[in-house]
Amino acid sequence: MFPVERMRRHRLNSNIRSIFKETNINKDKLIMPVFIDENEKSKKEIKSMPGIYRYSLNDYENYIKYLDDIGVKNVILFGIPKNKDSTGSSSYDKNGIVQNAIRIAKDNTKMNIIADLCLCEYTDTGHCGIIENGYVNNDKTLEIYQKEALSYADAGVDIIAPSGMMDGQVKAIREILDKNNYINTIIMAYSSKFASNLYGPFREAADSTPQFGDRKSYQMDYSNGREAIREIDLDIKEGADIIMVKPALFYLDLIHEAKRLYNLPVATYMVSGEYTMIKNSVLSGLLNENIIDEALTSLFRAGADMVINYFTEDYIKNHK
Ligand SMILES: [Zn+2]
């Protein structure tokens with residue numbers, strides 16, 4: 001106790017502070033989301049997400065090489081297809097937008113290529129599964145997820161990230177991958193994904209707004225922490241390699257808890273609304289841009305092993 005313990009000793013100057021620094025942002029653990037749009041001829045800025053674009057397949061090729069050149073190690077791909085239908089059939093087209101994007105990335109870069117796996121971009125309802133009588137049919141949706149997973153693996157993806165919150169999705173995908181000898185394809189499970197108000201800008205980005213109702217019958221209630229742990233637990237039993245908490249900043253308690261309870265890598269996704277809040281505050285001059293560093297640090301400090309976030313490109317560019 002004072003005067004023996006003087007905590008301010010550790011903060012005397014920047015050299016001293018850096019040796020006492022407990023958490024560093026690991027650039028190799030940042031994952032950049034990339035949107036590829038089959039309907040576009042060139043890249044287009046997403047209005048609600050300043051600095052983030054939807055790419056045509058041509059522009060995407062240049063962009064992905066650029067990300068690789070500046071030192072980005074990981075990307076997660078989201079596709080916007082030309083055709084939507086009731087079963088989301090273009091999600092498993094072997095020449096679909098994501099399948100082509102995977103091949104281009106694998107042929108031209110050395111990055112880890114992650115592909116988000118869901119149906120909301122591909123169904124005409126904008127829901128993450130097949131609708132029957134106004135309700136998403138879980139088990140029929142799993143059959144489509146399996147086809148989608150297999151087509152991603154055929155295209156050469158490194159990591160498949162199922163985000164639809166269907167029960168049994170990790171098991172179904174692991175089974176189809178193993179059956180087809182894709183034993184090294186990794187599953188990053190969106191284990192506890194909340195029905196959050198922070199997804200608004202993404203829906204503009206990915207053109208995936210539900211045409212009726214909401215996603216509360218499959219995504220989690222943000223009031224529920226214990227249920228989040230049950231979801232994570234089930235995904236581990238089903239064969240997940242990586243578990244995830246999404247969104248990130250409002251859910252630090254769960255990132256921390258997942259890290260404490262399990263020995264698997266914990267990912268978190270700092271989503272579009274989190275990006276928009278921070279980015280717009282910085283652009284308007286209300287907040288200093290060091291807020292980005294503070295936000296990312298808080299996620300690693302809470303226990304995240306990897307962070308999907310839209311700041312990845314700029315962060316890596318600015319921290320050579
Ligand atoms: Zn979805």
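## Strands β4 and β5

In this predicted model, strands β4 and β5 run parallel to each other and are paired through four bridges. Within this pairing, Leu 77 has Ala 115 of β5 opposite to it. Between the two strands the chain passes through helix α3, and the resulting β-α-β crossover is right-handed.

Strand β5 is mostly covered, since five of its six residues are buried. Strand β5 also pairs with β8, which comprises residues 159-162; these two strands run parallel and are joined by four bridges. Here Leu 117 is placed opposite Pro 162 of β8.

## Helix α3

Helix α3 covers residues 97-108, which makes twelve residues. What span should these twelve residues have at 1.5 Å a residue, and how far apart are the end C-alpha atoms? The expected span is 16 Å, and the end C-alpha atoms of α3 are 17 Å apart, so the two values agree.

The buried residues of α3 are Ile 97, Val 98, Gln 99, Ala 101, Ile 102, Ile 104 and Ala 105. These buried residues pack against several elements: the strands β1 (30-37), β4 (74-80) and β5 (112-117), and the helices α2 (57-70) and α4 (138-155).

## Strand β1

How many of the eight residues of β1 are buried? Eight of the eight are buried, and β1 is therefore largely enclosed by the rest of the structure. In a regular strand, the side chains alternate between the two faces of the sheet. In β1 both faces are covered: one side carries Leu 30, Met 32, Val 34 and Ile 36, the other carries Ile 31, Pro 33, Phe 35 and Asp 37, and all of these residues are buried.

Strand β1 has several pairing partners. With β4 it runs parallel and is joined by six bridges; in this pairing, Met 32 has Val 75 of β4 as its bridge partner. With β3 (residues 53-55), β1 is also parallel, and two bridges connect them; the bridge partner of Ile 36 in β3 is Tyr 55. A further parallel pairing, over two bridges, links β1 to β12 (residues 306-308). In that case Leu 30 is matched with Val 307 of β12.

## Packing of helices α8 and α10

Two packed helices are described by the angle between their axes and the distance between the axes. Helix α8 (residues 252-261) packs against helix α10 (residues 290-302) at an angle of about 35 degrees, and their axes are 8 Å apart. On the side of α8 the contact is made by Leu 252, Ile 255 and His 256, and on the side of α10 by Ser 298, Leu 299 and Ala 302. Of the residues in this contact, four are nonpolar, two are polar and none is charged.

## Cis peptide bonds

Which peptide bonds that lead to a proline are cis? One of them is the bond from Phe 2 to Pro 3, with omega near 15 degrees. Pro 3 belongs to the segment that precedes α1 (14-20). Another is the bond from Lys 246 to Pro 247, which is cis with omega near -5 degrees. Pro 247 is located in the loop between β10 (242-246) and α8.

## Residues with positive phi

Asn 133 is not a glycine, yet its phi is positive, at about 50 degrees. Asn 133 lies in the loop that connects β6 (130-132) and β7 (135-137). Is Asn 133 buried or exposed? Asn 133 counts as exposed because there are 5 C-beta neighbours inside 10 Å, and a residue is exposed at 12 or fewer.

Asp 207 is also a residue other than glycine with a positive phi, near 55 degrees. Asp 207 is in the loop between α6 (200-206) and α7 (226-238). With 17 C-beta neighbours inside 10 Å, Asp 207 counts as partly exposed.

## Lys 147 and Tyr 92

Lys 147 is part of helix α4. Lys 147 is partly exposed because 16 other C-beta atoms lie within 10 Å. Which residue, 55 residues apart from Lys 147 along the chain, has its C-alpha atom separated from that of Lys 147 by 5.7 Å? That residue is Tyr 92.

Key. Residues are numbered from 1 along each chain as its sequence is written. This is a predicted model: local features need pLDDT of at least 70, side-chain atom pairs count only at pLDDT 80 or more; totals for chains, interfaces and linings use all residues. The expected span of a helix is 1.5 Å times one less than its number of residues. A residue is buried if 20 or more other C-beta atoms lie within 10 Å of its own, exposed if 12 or fewer, and partly exposed in between; C-beta atoms are placed from the backbone. Two residues are in contact if their C-beta atoms, placed from the backbone, lie within 7 Å. Two strands pair if DSSP finds at least two bridges between them. A crossover is right-handed if, with the strands pointing away from the viewer, the path from the first strand over the helix to the second runs clockwise. Axes are lines fitted to C-alpha atoms, for helices over the stretch in contact, and angles run from 0 to 180 degrees between N-to-C directions. Ala, Val, Leu, Ile, Met, Phe, Trp, Tyr, Cys and Pro count as nonpolar, Asp, Glu, Lys and Arg as charged, and the others, Gly among them, as polar.
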